[in-house]
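Biologist: Hi! Could you walk me through this one, bit by bit?

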Amino acid sequence: MKAIYNIFTFHFSLFIIYALLPSLAVAQHITFESAEEYRSLGVYDTWEQSPFRTGVLKGSNYVKLMANPDMEEKEAPGVATNTSEMALALQRSRYGSNTFGARIDLKEPFSLGTSKKYVHVLVNKPADENANVMLIGLGKRHDWEEQAPETEQFWVTASLSAQGQWNDLVFPITTNESVDIHSFVIVPDLASPHLRTTDFIAFIDDIEVTDSPKPRYQIINYPLNFDTNQTPTRSDRALTKLTFTSTGESSKDVTVPTATIYNNLTEQATVFAKAGGSVTVKMTYKGGWMSGYAYVDWNNDGQFTPIIEANKPSSGSELVSYTYLSGYNSKGVAQTNGNSVVNGTITCPAFTIPEGTQPGIYRMRLKIDWDCADAGGNNTPGNLLTANGGAIADVLLNVHDDEVRISANQLNGDVLTPEDAALSDAPIPFRQPVTVKMVPAPDFTYTGIVITHGYNLDGPEYVRDNRQYKRVTIPAASFNKTTHEYTIPASYIDGEVRIEGLFTPGETFVH
């Protein structure tokens with residue numbers, strides 16, 4: 001049998017660790033700074049024949065609290081110093097299954113009811129271990145006396161890698177309203193271990209249950225060259241409105257607040273377009289002698305990368321349109337000067353959504369500036385965006401097909417079309433209303449539905465700070481009392497649509 005390495009002799013210098021600041025305490029918050037925060041620590045494996053379940057291997061040899069191996073102050077943007085004294089170290093054993101992980105028994109069990117919560121976990125593992133991380137919830141129904149408190153109640157995978165640095169992984173969790181969660185199991189690597197010849201160490205820290213799907217810590221996305229709360233330095237210039245015109249779409253106006261130079265409007269404003277279609281942006285601007293710039297983060301990497309060749313954006317450039325840059329606009333047409341304001345409006349040349357662009361959510365940035373490709377704003381001394389009366393606003397761009405798909409998941413009843421047909425990944429027109437009907441099983445009634453709409457519905461709600469989908473609960477009171485139908489508004493049909501029927505024991509109605 002191959003030697004089993006003890007966790008305490010592992011060479012920590014193999015890892016590159018970016019440390020992170022601790023967050024504010026909430027009801028379920030484990031920082032590993034005090035043994036009072038949890039009941040016990042151990043390991044767990046879902047494989048029933050695992051040597052850790054049969055007793056061949058002793059789990060306590062594979063998990064231990066360790067002193068924080070890196071408390072050095074970090075200077076890189078977005079990387080904070082880890083002031084936590086302790087972290088949980090887990091030796092990921094090659095003898096466990098792919099769902100072997102660290103088990104943290106909670107001080108007090110908690111119940112989610114039917115609400116959705118988010119478990120945030122800081123995880124760090126070697127850079128070459130690139131499989132996903134999973135969170136498993138162990139617990140029992142409080143109305144089922146004979147059920148064991150180690151029953152696996154949920155399994156959630158994080159799509160964000162934890163390789164080579166600390167990352168805040170976010171796990172959305174829901175359970176039956178009668179379930180109490182007693183333990184968390186953090187599986188550091190879901191890859192099959194059958195070809196492993198060595199173990200590795202993963203670190204776990206700062207577990208917190210919150211209402212927010214946004215990661216607590218991350219590398220700075222879409223950086224600016226000035227403070228995000230910077231107020232205007234002059235009153236004679238201001239960006240007040242954006243107007244978007246896309247092929248086949250209605251024109252869209254977005255009001256821009258003027259209290260700050262930068263405005264993140266991604267939660268309020270989404271522009272719609274199709275691959276191959278064109279988009280034109282107009283910026284209503286008080287003032288003169290400034291130019292307009294538009295960016296799209298096509299690869300969703302949190303940056304806007306300009307690529308300019310022969311005085312025009314080249315293929316793949318994320319600076320997609322501008323009225324003036326080094327004497328030319330984005331069509332490659334020479335400009336006499338950068339004064340692009342005409343009758344209070346800067347009109348950027350139309351740009352095309354590249355053919356083959358995958359349907360999804362992309363961040364779009366609009367900027368008023370002077371002769372500058374940098375999406376963060378001109379920071380040349382004597383020509384600062386902040387001093388020139390420039391402005392930056394971010395919105396979301398929804399690139400979509402003509403049709404999207406709708407499906408329904410539920411127990412104890414069905415969510416159907418008005419003609420009693422199943423909703424099973426059926427194609428429906430984009431941004432068109434859809435009517436559904438509730439049909440409970442015998443001895444059940446319904447309390448409503450939950451609609452999840454957008455893109456990548458099984459992934460994180462936010463990618464690079466950009467919301468991918470939304471969830472909305474429609475109560476039974478919104479349904480027609482005679483037909484038990486509800487018409488989903490067109491605004492919710494903005495990508496994939498998934499419906500969860502909410503059924504509960506009650507008097508069956510005739511339909």
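**Cavities, rings and sheets**

Modeller: Happy to. One thing up front: this is a predicted model. As for empty space inside, searching the whole structure turns up two cavities of 30 Å³ or more.

Biologist: Let's take the second largest cavity. How much space lies in it?

Modeller: The second largest cavity holds about 40 Å³.

Biologist: And which residues line the second largest cavity?

Modeller: Its lining is made of Y118, V170, P172, P213, P460, E461 and Y469. Sorted by class, that lining has six nonpolar residues, no polar ones and one charged one.

Biologist: Where does the second largest cavity lie with respect to the domains?

Modeller: Between domain 1 (2-210) and domain 3 (403-505), because both of them give residues to the lining.

Biologist: Changing topic: how many aromatic pairs does a search of the whole structure find?

Modeller: The search finds twelve aromatic pairs. One to look at is F272 with F430: the ring centres are 5.8 Å apart and the planes are at 70°, so this pair is edge-to-face.

Biologist: Where in the chain do F272 and F430 sit?

Modeller: They come from distant parts of the chain, 158 residues apart. F272 belongs to strand β15 (residues 270-273), while F430 is in the loop between β27 and β28 (434-440).

Biologist: You mentioned β27. What is the order of strands in the sheet with β27?

Modeller: That is an open sheet of five strands, in the order β27-β25-β34-β29-β32, with mixed pairing. β27 (426-429) and β32 (469-475) are the edge strands, each pairing on one side only. On average, neighbouring strands of this sheet are turned by 30° against each other, direction ignored.

Biologist: Mixed, okay. Do β25 and β34 pair in the parallel or antiparallel sense, and over how many bridges?

Modeller: Parallel, over four bridges. In that pairing, I406 stands opposite V497 in β34.

Biologist: And what about β25 and β27: parallel or antiparallel?

Modeller: Antiparallel there, with four bridges joining strand β25 (residues 403-409) to β27. R405 stands opposite P427 in β27.

Biologist: Then there's β29 and β34. How many bridges do they pair over?

Modeller: Ten, in the antiparallel sense, between strand β29 (residues 444-454) and strand β34 (residues 496-505). If you want a spot to click on, F444 stands opposite P505 in β34.

Biologist: Nice. Now for β28: which strands form a sheet with β28?

Modeller: β26 and β33 do. The three strands form an open sheet in the order β26-β28-β33, and the pairing is antiparallel. Its edge strands are β26 (413-416) and β33 (485-488), each of which pairs on one side only. From one strand to the next, the twist averages 25°.

Biologist: How many bridges join β26 to β28?

Modeller: Four, and the two strands run antiparallel. Within this pair, L416 stands opposite K437 in β28.

Biologist: Great, that gives me plenty to look at. Thanks!

How values were computed
Residues are numbered from 1 along each chain as its sequence is written. This is a predicted model: local features need pLDDT of at least 70, side-chain atom pairs count only at pLDDT 80 or more; totals for chains, interfaces and linings use all residues. Side-chain values use heavy atoms; hydrogens and water are left out. Two strands pair if DSSP finds at least two bridges between them. Axes are lines fitted to C-alpha atoms, for helices over the stretch in contact, and angles run from 0 to 180 degrees between N-to-C directions. On a 1 Å grid over the protein atoms alone, a cavity is a set of points where a 1.4 Å probe fits but cannot get out, and a pocket is an open set with protein on both sides within 12 Å along at least five of seven lines; lining residues have an atom within 4 Å of a point. Grid points are joined across faces, edges and corners, and a volume is the space filled by probe spheres set on the points. Ala, Val, Leu, Ile, Met, Phe, Trp, Tyr, Cys and Pro count as nonpolar, Asp, Glu, Lys and Arg as charged, and the others, Gly among them, as polar. Domain bounds come from an automatic or database domain assignment. Rings of Phe, Tyr and Trp (its six-membered ring) pair if their centres lie within 6.5 Å; planes under 30 degrees apart count as stacked, over 60 as edge-to-face and the rest as tilted.
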